[in-house]
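This report goes through selected sites of one protein chain and its ligands. Please keep the sequence and the structure at hand while reading.

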Amino acid sequence: MQIPFDNSYAALPEAFYTRLNPTPVKAPVLLAFNRDLARVLRIEEGDLGDAAQIFSGNKIPQNAEPLAQLYAGHQFGSFNPQLGDGRAILFGEIIDINGLRHDIQLKGSGPTPYSRGGDGRAWLGPVLREYIVSEAMHALGIPTTRALAAVATGEPVYREAALPGAVLTRVAASHLRVGTFQVFAHRDQIENLQTLTDFAIARHYPDAHGPMDLLRAVCAAQARLVAAWMSVGFIHGVMNTDNCAISGETIDYGPCAFMDDFHMGRVFSSIDRQARYAFGNQPNMAIWNMAQFATALLHLMDDKEAAVEEATAIVHAMPEQIEAEWLARFGAKIGISQPHQEDTALIQDLLDLMQQDGADFANTFRQLCKPMARDQFKDRDAFDAWSKRHTARIQSEPDPQALIEQTNPAIIPRNHRIEQMIEAAVAGDMAPFERLRTALATPYDNTDPDLQRPPTESEIVPATFCGT
Ligand code: AMP
Ligand code: MG
């Protein structure tokens, strides 16, 4: 198997990372390989045994420069001055057929100097969950890291019980996080911070001139991203600054989930006890993260007072940016191609009704103009009244139904399906994984009723775990 590495991060100063190889595993078995993505990455497929060796970390491919990245981060609001890849190894970078650069990273690849007592491993559940959900996000058109491979290690991982170990190969525009900037700002290593900023600009925002421009670009990317999440009912679950990629991709699929019945306050993550990362709080948290990013970048500015003022204005512009993105997306979701400010009330009234009656997020939007939409509501009169207003509003639209079907997925990776898939995989049955993977590659077109169906009472998954 040939991997055409072209590494840039490994050329940065030693302070940015620790060079080390993944820890070999006992009996790697390739569980999933993303052929479409491999093709885009110009990875030539050899025999699958080779893939299992490489993507488990047992074999270091030619021209890889394995390393663990250093970063810091605010976790649930409190600053941790040193995190870093505690269970991940960056193999290197590839420039794809479209000229875009990607990191190729193994996750679950053994301990590193940043493991802080952790075992550096991952178990099968979170690996397959990230594979399915990140690929589904990609198919939904939302910026995200992707999954190239999943390999079973043949070794147990000890969590609450002994569980089968696995390694995920993650592909990302980069793994530069807000926390990568924070670590150098916190240590007052201005030269490293400057080097990182130049590197980030060159890699992601080549039109940006200096840190203030970078801040502006990242804020815009985060505003777009969080609105995109909201539009599909996605709850990231752990929006810590070390899980906030400056590329604007969704990263770190730990305790994430898609909502079934709509509620602004929905939380799945078992460790999010204060509901900090609840569905409806995500815009605030994206803004909070950008305030931390601004704070780190301010270390580079000479005229501090003027810089604080400008950076503050940039961060304070985010609510308006998010609202505009939100309106464009939710407008389209109800069949309005060019929504105006006044349409906000129509959208909000629907969401209020949905929340009050526990309507299913995905199905309500998808079926909005169909008779069965009514069945989502307990207060049918209230929905009928809303529907009347809605019908009047979309009268002038050329093809609202087409717009609704283009912007509302028919299927999403529902929690209960993911849990069922993991349970089967642990028992050695990968068929549910394959089924989800195939179906979710075309989420706007696949109308498999079984995957559209919300969980039954006994299928409901009340909490998710990051699985570390
Ligand atoms: P996360 O919440 O997954 O973003 O992880 C936060 C930090 O904990 C990162 O620095 C991870 O590398 C580290 N970490 C998570 N799980 C493990 C593990 N099993 N072993 C070592 N480090 C870990
Ligand atoms: Mg993380």
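The sections below describe the ligand sites, one helix and several single residues of a predicted model.

## Ligand 1

The shell around ligand 1 consists of 18 residues, and the closest are Gly84, Gly86, Arg116, Gly120 and Asn243. Sorted by class, this shell contains 8 charged, 8 polar and 2 nonpolar residues.

Backbone and side-chain atoms both take part in the polar contacts. A nitrogen atom of ligand 1 lies 2.8 Å from a backbone N or O atom of Gly120. For Arg121, the distance from a backbone N or O atom to a nitrogen atom of the ligand is 3.3 Å. Asn243 uses its side chain: a polar atom there lies 3.0 Å from an oxygen atom of ligand 1. On its own, ligand 1 has 480 Å² of accessible area, of which the protein covers 89%.

## The magnesium ion

Which residues supply the protein donors of the magnesium ion? They are Asn243, through OD1, and Asp252, through OD, at 1.9 to 2.2 Å from the ion (ligand 2). Asn243 is also among the closest residues to ligand 1. Both donor residues, Asn243 and Asp252, are buried.

Asp252 belongs to the loop between β11 (234-235) and β12. Its relative accessible area is 15%, and because the limit for buried is under 20%, Asp252 falls in that class. Most residues other than glycine have a negative phi. Asp252 is not a glycine, yet its phi is positive, at about 70°.

## Helix α2 and the loop after it

Helix α2 spans residues 48-56, and its buried residues are Asp50, Ala51, Ala52, Ile54, Phe55 and Ser56. In an α-helix with 3.6 residues a turn, residues three or four places apart point the same way. The buried residues of α2 pack against five strands: β2 (29-33), β6 (88-95), β7 (101-107), β9 (146-158) and β10 (162-172).

Just after the helix, Gly57 has a positive phi of about 95°. Further on, Asn63 sits in the loop between α2 and β3 (67-69). Asn63 also has a positive phi, about 70°, although it is not a glycine. Is Asn63 buried or exposed? Its relative accessibility is 53%, so Asn63 counts as exposed.

## Phe433 in helix α15

Phe433 is part of helix α15, which covers residues 431-439. With a relative accessible area of 0%, Phe433 is buried. Leaving aside residues up to four places away in sequence, Phe433 touches Ala32, Leu128, Tyr131, Ile132 and Met421.

Cys369 is 64 residues from Phe433 along the chain, and the C-alpha atoms of the two are separated by 32 Å.

## Ser269 and Pro449

Ser269 is located in the loop between β12 (257-258) and α7 (282-297). Despite this loop position, Ser269 counts as buried because its relative accessibility is 7%. Its contacts, not counting residues up to four places away in sequence, are Gly237, Pro255 and Thr464.

Pro449 lies in helix α16, made up of residues 449-452. At 59% relative accessibility, Pro449 counts as exposed. The C-alpha atoms of Pro449 and Pro66 are separated by 44 Å, and the two residues are 383 residues apart along the chain.

Technical notes. Residues are numbered from 1 along each chain as its sequence is written. Chains are lettered from A and ligands numbered from 1 in the order in which they are written. This is a predicted model: local features need pLDDT of at least 70, side-chain atom pairs count only at pLDDT 80 or more; totals for chains, interfaces and linings use all residues. Side-chain values use heavy atoms; hydrogens and water are left out. A residue is near a molecule or strand if one of its heavy atoms lies within 4 Å of it. A polar contact is a pair of N or O atoms within 3.5 Å; within protein, one must be able to donate a hydrogen and the other to accept it, and residues adjacent in sequence count only if both atoms are side-chain atoms. Accessible areas come from the Shrake-Rupley method with a 1.4 Å probe; for residues, only the protein chains shown count as cover. Ala, Val, Leu, Ile, Met, Phe, Trp, Tyr, Cys and Pro count as nonpolar, Asp, Glu, Lys and Arg as charged, and the others, Gly among them, as polar. Donors are N, O and S atoms within 2.8 Å of the metal (3.2 Å for Na, K and Ca); water is not among the atoms, so sites may look incomplete. Buried means under 20% relative accessible area, exposed over 50%, partly exposed in between (1.4 Å probe, protein chains only). Helices (H or I, at least four residues) and strands (E, at least two) are DSSP runs, numbered from the N terminus. Contact means heavy atoms within 4.5 Å.
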